[in-house]
Amino acid sequence: MTRPGLPARPAREDGPGRRAGRVPLRVDPYVAALLAAVLCATLWPVRGTAATVAGGVTDTAVGLVFFLYGTRLSTAEAVAGLRHWRLHLAIVASTFVMFPLAGVAGRLLVPAVLGPQLYTGFLFLCLVPSTVQSSIAFTSIAGGNVSAAVCAGTYSSLLGMVATPALAALLIGGQAPFSPGRVAGLCTQIVLPFLLGQLARGRIGAAVARHRRGLGRVDRGAVLLVVYNAFSAGVVGGVWERVPIARLLLLAVVEASLLAAALGTTSLLGRVLGFPREDRITVVFAGSKKSLVNGVPMAAVLFGPGAGPAVVPLMMFHQMQLVVCSVIAGRWARTGAGPREAAAVGTGAPAARR
């Protein structure tokens, strides 16, 4: 079902598990590539002049990511999607209000559960925008409102260009301040490339759309560069010698609790607002995720060489959300249930009226 005024549902979505009800449980190959980048940074960190060159290449790649994102965004589709404002407001509230509040509450876990460095990364995780690709893919698998998921991911990414740095300056403080250097970095590496992409859309937008799959490797390649540089700087500075494995295991438990709370809250929010099944599915999947592709480049700009600990929680949460949402989307696809009917299906009770 497509809401009036929204763009038509795409015929095919890229992402995990394209066929309804058949969602394989496996490690995301991209996460494996990220882990490989971490291993390479640990064994062969860049130093001195090489680190300076690698930093310049990474900065250029980050700018290219947001330029290409600007060329992909259809202004007409974004404006049309505003008609479903209640759904988008619910997703924005989950992404930029509920998650940040959870991140602030996580301060109670310092230092007993999370060390200061990992907590900074956990809090940053709570500030980044929602995903686009995986939200669309899981919404499609479960039979949700795909067009709304497209618009919701777009709006979240756009708002995140401003909201994430602003919230980081407010909540993280000294490690991500709104200093003139940070503002200039945000403008030159994120905002300006995006605006240039929008201006160039009329000339190269069609070509970008035709080669979208290939250009998607630019996004992922840039993230791999950021991760390699961030972890390399951490190795050179001795940061990772001060992060015990036990802390990482505790972080995984905390993030699993965060994801469970996000899924439960977005499900409840969809019911309270009286959304139909298709829209409730969209709210759950778009409102409970965090974007690795957007978050890692932002961390590079905000934290500079100290971005290593800031991206660890985001990388961990990324794989966790893929696995859990794969299970949920496959179950809803097989049973025809949704956020409201899931409990009834699980207990054998009659499903609630949609």
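Author: A crossing of two helices is called left-handed if the near helix is turned anticlockwise from the far one by less than a right angle, and right-handed if clockwise. The model discussed here is predicted, and in it the crossing of α6 and α11 is right-handed.

Reader: What are the angle and the axis distance with which α6 and α11 pack, and which residues make the contact?

Author: Two packed helices are described by the angle between their axes and the distance between the axes. For α6 and helix α11 (residues 277-287), the angle is about 145° and the axes are 9 Å apart. On the α6 side the contact is made by Ser 135, Phe 138, Thr 139 and Ala 142, while α11 contributes Arg 277, Ile 281, Thr 282, Phe 285 and Ala 286.

Reader: Why is Thr 139 called buried, and what does Thr 139 touch beyond its neighbours in sequence?

Author: Thr 139, which lies in helix α6 (residues 133-142), has a relative accessible area of 0%, and since buried means under 20%, the residue is therefore counted as buried. Leaving aside residues up to four places away in sequence, Thr 139 touches Gly 144, Asn 145, Val 146 and Ala 149, as well as Ile 281, Thr 282 and Phe 285.

Reader: What makes Thr 58 count as buried or exposed, and which residues does Thr 58 touch?

Author: The relative accessibility of Thr 58 is 4%, which falls under the 20% cut-off, so Thr 58 counts as buried. Thr 58 is part of helix α2 (residues 48-72), and, with residues up to four places away in sequence set aside, its contacts are Leu 225, Val 226 and Asn 229. The C-alpha atom of Thr 58 is also 8.7 Å from that of Val 223, although 165 residues separate the two along the chain.

Reader: How do you know what span to expect for helix α1, and where around its axis do the buried residues of α1 lie?

Author: The expected span is 1.5 Å times one less than the number of residues, so the 15 residues of α1 (residues 29-43) should cover 21 Å, and the end C-alpha atoms are indeed 21 Å apart, in agreement. The buried residues of α1 are Tyr 30, Val 31, Leu 34, Ala 37, Val 38 and Ala 41. Because they cover an arc of only 110° around the axis, they are placed on the same side of α1.

Reader: Why is α12 called mostly covered, and what is found at its ends?

Author: In α12, 10 of the 12 residues are buried, among them Leu 292, Asn 294, Pro 297, Met 298 and Phe 303. Its length (residues 292-303) follows the same rule, because 12 residues should span 16 Å and the end C-alpha atoms are 16 Å apart. At the N-terminal end, Ser 291 acts as a cap, with a side-chain oxygen 3.0 Å from the backbone nitrogen of Asn 294, and α12 is followed by Gly 304, which has a positive phi near 60°.

Reader: What makes the peptide bond from Val 110 to Pro 111 cis or trans, and where is Pro 111?

Author: Most peptide bonds are trans, whereas the bond from Val 110 to Pro 111 has omega near 0° and is cis. Pro 111 is placed in the loop between α4 (85-105) and α5 (116-125).

Reader: How many helices and strands does the protein contain, and what share of its residues counts as buried?

Author: The secondary structure comes to 14 helices and zero strands, and 50% of the 354 residues count as buried. Of the contacts with a separation of 6 or more, 84% involve residues 24 or more positions apart.

Definitions and conventions:
Residues are numbered from 1 along each chain as its sequence is written. This is a predicted model: local features need pLDDT of at least 70, side-chain atom pairs count only at pLDDT 80 or more; totals for chains, interfaces and linings use all residues. Side-chain values use heavy atoms; hydrogens and water are left out. Helices (H or I, at least four residues) and strands (E, at least two) are DSSP runs, numbered from the N terminus. Buried means under 20% relative accessible area, exposed over 50%, partly exposed in between (1.4 Å probe, protein chains only). Contact means heavy atoms within 4.5 Å. The arc is that of the directions from the helix axis to the C-beta atoms. A polar contact is a pair of N or O atoms within 3.5 Å; within protein, one must be able to donate a hydrogen and the other to accept it, and residues adjacent in sequence count only if both atoms are side-chain atoms. Axes are lines fitted to C-alpha atoms, for helices over the stretch in contact, and angles run from 0 to 180 degrees between N-to-C directions.
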